[in-house]
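Me: I'm new to this structure. Please pick one small part, go through it closely, and then show me the rest step by step.

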Amino acid sequence: MGKIQLTKVRKSFGEVDVIPGIDLTIEDGEFVVFVGPSGCGKSTLLRLIAGLEDTTSGVIDIDGKDATNLPPAKRGLAMVFQSYALYPHMTVRKNIAFPLKMAGMDPAEQDKRVARAASVLNLSSYLDRRPGQLSGGQRQRVAIGRAIVREPAAFLFDEPLSNLDAALRVGMRQEISELHQTLKTTMVYVTHDQVEAMTMADKIVVLNAGRIEQVGSPLTLYHEPRNKFVAGFIGSPRMNFIDGAEAAKHNAHTIGIRPEHITVGDGPWEGVVGLSEHLGSDSFIKVEVPGLGTLNVRGPGELGVHHGDRVKLAPAGKMHRFDADGLAI
Amino acid sequence: MARAQSPRRMILTTLAAWTVALIIFFPVLWMILTSFKTEASAVASPPELFSASWTFENYVEVWARSDYPRFFWNSVVIAVGSTLLGLVIAIPAAWAMAFVPGKRTKDLLMWMLSTKMMPAVAVMVPIYLLFLQLGLLDTRIGLVLVLMLMNLPILIWMLYTYFKEIPGEILEAARMDGASLWNEILYVLTPMAIPGIASTMLLNIILAWNEAFWTIVLTTTKAAPLSAFIASFSAPQGLFYAKLSAASAMAILPILILGWFSQKQLVRGLTFGAVK
């Protein structure tokens, strides 16, 4: 079991309301990702759930029990930190066994559980090494191992892949997703990387200035963003926003169109290519269109246009419409 | 990138370093040389750096005239005892200040340090009377207590600096792993801070070993450590420099050996945090 329910959870640091009041339900077994720009309060929210920060007001229920005032260890949760937070003076074996030792578990059972976790995470041959002798990916696996041996009600991940290089990050992302498939335990994952959020989550919580902007599945957020903030945050490159006369034609204050929903060839918009990036699989171009501004365009394969070319563009997918308050129409 | 040094510059730097080192070391050298001179040679005018007649007589006489092993043992008990007791208090205090600081933590630290700015003699009378009332005069436990209290601000400050270097996330991880406060300090913080704790301990032992004001004021015979042993050779009939020097050499020798073997640890400790 690992259902987490937040009711009017508020957190202030002195005069500053970091989390002005959040209601959220995380179902048992769900993989929930908190995503948002730096300083939006996603890590603070995770730390409130973990018990590493005290709530200013509100209630945090874990499996139906009020855990608001429980210390971290009594909440039945395990956390993986951005910096791995391994104990540098202990071997990998002792690091993984530490929570079991703290729980007063029989040493034979400790060994059994450590061996099982090490085998799941491919760490069996590193058990007698110290964290300093491991690579970044291996360290992160030890941190995950330390979390899984406890068989917690839920895992909390605080930007766990931020310190890894790009290739390793993709690998670890898949490993964490597979781990979730295997364990079927609730996972709450904080990231500022929306690709991580889109690829891993069952449910994404988009945060901005301590408030939830939208909660939904990755594809719901992509196709039906509730407002301009979510529309701009989800999707890479970010959605193009057009105001003025062009938006008025569609009875909106602002219209939004994703870069992958604009085609190059023929169309009503004409402009000059500025930056062009060619990845082989995709092409990314920025086109300066008079009256509309700079439009990001993403096309499959090689688009065959370069800096300085004059091109015509056409919207070829869903057009998102927003009112003057930025809410989707 | 390291700067390349010309040979001339290196010779000059080396010479300057040796000169400064010799100036600092000269009083100790003079004391050691004097301890091997006769009393007449020790007070000769003009002073003789090297005596014509070297002798071990001063050491023999100092050893015969006093109970050196008792003074030595008292010094060990007082220096080690006050340091260990101080650590028991300073580790939790520094932990609290480093990891759960309050609004006034910095003020508290400054206040503690400011007590070191007060001359010890200012509280001599009240402490003497307190010790008299409590029956702590001329007891090792009394000196352990007073030296622990005198050095506690330095212990807390040094440990606070070390603890600040330990990432808070590691302690939070321990908390998530179910460690109680005590387990967190015992299994995570202390092993990680061992180099810092060791150098703090060494420095405190040296400070307590060399302390001369309280050890002389609060003891007579039973609990007197080596600092009082040195003072006992400054007799009212006159100063016997050679014997005084021999007594001083005998008093500093143990701590000099300790310092020599632990110099790497001490230098690391004293420069900790200076360069990231």
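Reply: **A hairpin, then outwards**

Let's start with a hairpin in chain A: strand 14 and strand 15 form it, with 3 residues between them, and A:G291 in the turn has a positive phi of about 90°. Strands here are DSSP runs of E with at least two residues, helices are runs of H or I with at least four, and both are numbered from the N terminus. What you see is a predicted model, where local features need pLDDT of at least 70, side-chain atom pairs count only at pLDDT 80 or more, and totals for chains, interfaces and linings use all residues. Residues are numbered from 1 along each chain as its sequence is written, while chains are lettered from A and ligands numbered from 1 in the order in which they are written.

Back to the hairpin. Strand 14 covers residues 282-289 and strand 15 covers residues 293-300; they run antiparallel and are joined by 8 bridges. (Two strands pair if DSSP finds at least two bridges between them.) To find your way across the pair, look for A:K286, which stands opposite A:N296 in strand 15 of chain A. In a regular strand, side chains alternate between the two faces of the sheet.

Where does this hairpin sit in chain A? Chain A is divided into domain 1 (4-230) and domain 2 (237-322), and those bounds come from an automatic or database domain assignment. The C-alpha centres of these two domains of chain A are 37 Å apart. Where they touch, domain 1 of chain A puts in 4 residues and domain 2 of chain A puts in 6. (Contact means that C-beta atoms, placed from the backbone, lie within 7 Å.) On the domain 1 side of that contact in chain A you'll find 1 nonpolar, 2 polar and 1 charged residues. For these classes, Ala, Val, Leu, Ile, Met, Phe, Trp, Tyr, Cys and Pro count as nonpolar, Asp, Glu, Lys and Arg as charged, and the others, Gly among them, as polar.

Next, the sheets. One open sheet of chain A has 3 strands in the order 11-12-17, with antiparallel pairing. Strand 11 (240-243) and strand 17 (320-322) of chain A are at its edges with a single partner each, so one side of each has no neighbour in the sheet. On average, neighbouring strands here are turned by 25° against each other, direction ignored. Strand 11 of chain A is joined to strand 12 (residues 254-257) by 4 bridges, and the two run antiparallel. A:D243 has A:T254 as its bridge partner in strand 12 of chain A.

Another open sheet of chain A has 4 strands, ordered 2-1-4-5 and paired antiparallel. Its edge strands are strand 2 (16-26) and strand 5 (65-66) of chain A, which each pair on one side only. Strand 1 (residues 4-13) of chain A pairs with strand 2 over 7 bridges in the antiparallel sense. Here A:F13 stands opposite A:V16 in strand 2 of chain A.

Helices come next. The axes of helix 4 (residues 136-148) and helix 5 (residues 166-183) of chain A come within 11 Å and cross at roughly 20°. Those axes are lines fitted to C-alpha atoms, for helices over the stretch in contact, with angles from 0 to 180 degrees between N-to-C directions. That angle is why helix 4 of chain A counts as roughly parallel to helix 5 of chain A. (Under 35 degrees is roughly parallel, over 145 roughly antiparallel, 65 to 115 roughly perpendicular, and the rest oblique.) The residues that meet are A:G136, A:G137, A:Q140 and A:I148 from helix 4 of chain A, and A:L168, A:M172 and A:L183 from helix 5 of chain A. By class they split into 4 nonpolar, 3 polar and no charged.

Last stop: chain B, which is divided into domain 1 (7-58) and domain 2 (66-232). The C-alpha centres of these two domains of chain B lie 35 Å apart. How many residues does each chain bring to the contact between A and B? Chain A brings 17 residues and chain B brings 14. On the chain A side, strand 6 (77-80) and helix 2 (92-102) each supply at least two residues, and helix 2 of chain A gives the most, with 3. The chain A side is made up of 14 nonpolar, 2 polar and 1 charged residues.

Terms used:
Two residues are in contact if their C-beta atoms, placed from the backbone, lie within 7 Å.
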